[in-house]
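Visitor: I should like to take a close look at a single part of this molecule. Please show me the sequence and the structure before we begin.

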Amino acid sequence: MHPAAYSGGFLGLVILILDLIAVFEVLNSNRTVSSKLLWSLLIFLFPVFGLIIYFLFANREEHNGGYESIA
């Protein structure tokens, strides 16, 4: 079998992992519940397009709660 035949599965896996990271970031942000829901739906319904839109226009720095130290 040709090696290029497996590229679609690998690319799909990479997109799935990036989508899960983006949704995890949305759910851990300090956005409103409706905003979290809309961003998550956009990412899951349009995996590639939604991910690009999220990373370009989501204003992630403002809504990121940051990490708190435990010590």
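Which residues does alanine 22 touch, not counting residues up to four places away in sequence?

Guide: In this predicted model, alanine 22 touches Ile43, Leu51, Tyr54 and Phe55, with residues up to four places away in sequence left out of the count.

To place these contacts, consider the chain as a whole. The protein chain has 4 helices and 0 strands, and along the sequence the pattern reads α-α-α-α. Of its 71 residues, 21% are buried. Among contacts with a separation of 6 or more, 49% join residues 24 or more positions apart.

Alanine 22 belongs to the largest nonpolar core, whose 8 residues are Ala22, Val23, Val26, Trp39, Ile43, Leu51, Tyr54 and Ala58. At least two residues of this core come from each of H1, helix H2 (33–45) and helix H3 (47–57). H1 provides the largest share, with 3 residues. As a general background, nonpolar side chains in soluble globular proteins tend to be buried together.

Two of the residues touched by alanine 22, Leu51 and Tyr54, lead to H3. There, Gly50, Leu51 and Tyr54 are buried. These three lie on the same side of H3 because they cover an arc of only 100 degrees around the axis. A general rule is helpful here: an α-helix has 3.6 residues a turn, so residues three or four places apart point the same way. On the face of H3 turned away from its buried side are the exposed residues Phe49, Leu56 and Phe57. After H3 comes asparagine 59, which has a positive phi, near 55 degrees.

H1 also contributes to the surface. A nonpolar surface patch of about 830 Å² consists of Phe10, Leu13, Val14, Leu16, Ile17, Leu18, Leu20, Ile21 and Phe44. Helix H1 (residues 7–27) gives the most to this patch, namely 8 residues. One member of the patch is Ile17, which is found in helix H1. Is isoleucine 17 buried, partly exposed or exposed? Isoleucine 17 counts as partly exposed because its relative accessibility is 43%, and the partly exposed class lies between the limits of 20% for buried and 50% for exposed. For the protein chain as a whole, the exposed area is about 5,600 Å², of which carbon and sulfur atoms supply 72%.

Thus H1 supplies residues both to the largest nonpolar core and to the nonpolar surface patch.

Technical notes. Residues numbered from 1 in each chain as written. Predicted model: local features only at pLDDT ≥ 70, side-chain atom pairs only at ≥ 80, totals over all residues. Heavy atoms only, no water. Patch = residues over 30% accessible without salt bridge, like charges linked within 9 Å, V, L, I, M, F, W, Y side chains within 5 Å. Areas by Shrake-Rupley, 256 points an atom, 1.4 Å probe, with all protein chains shown as cover. Salt bridge = Lys/Arg side-chain N within 4 Å of Asp/Glu carboxyl O. Buried < 20%, exposed > 50% of the residue type's maximum accessible area, 1.4 Å probe, protein only. Contact = heavy atoms within 4.5 Å. Core = buried A, V, L, I, M, F, W, Y, C linked by side-chain atoms within 4.5 Å. Arc of directions from axis to C-beta.
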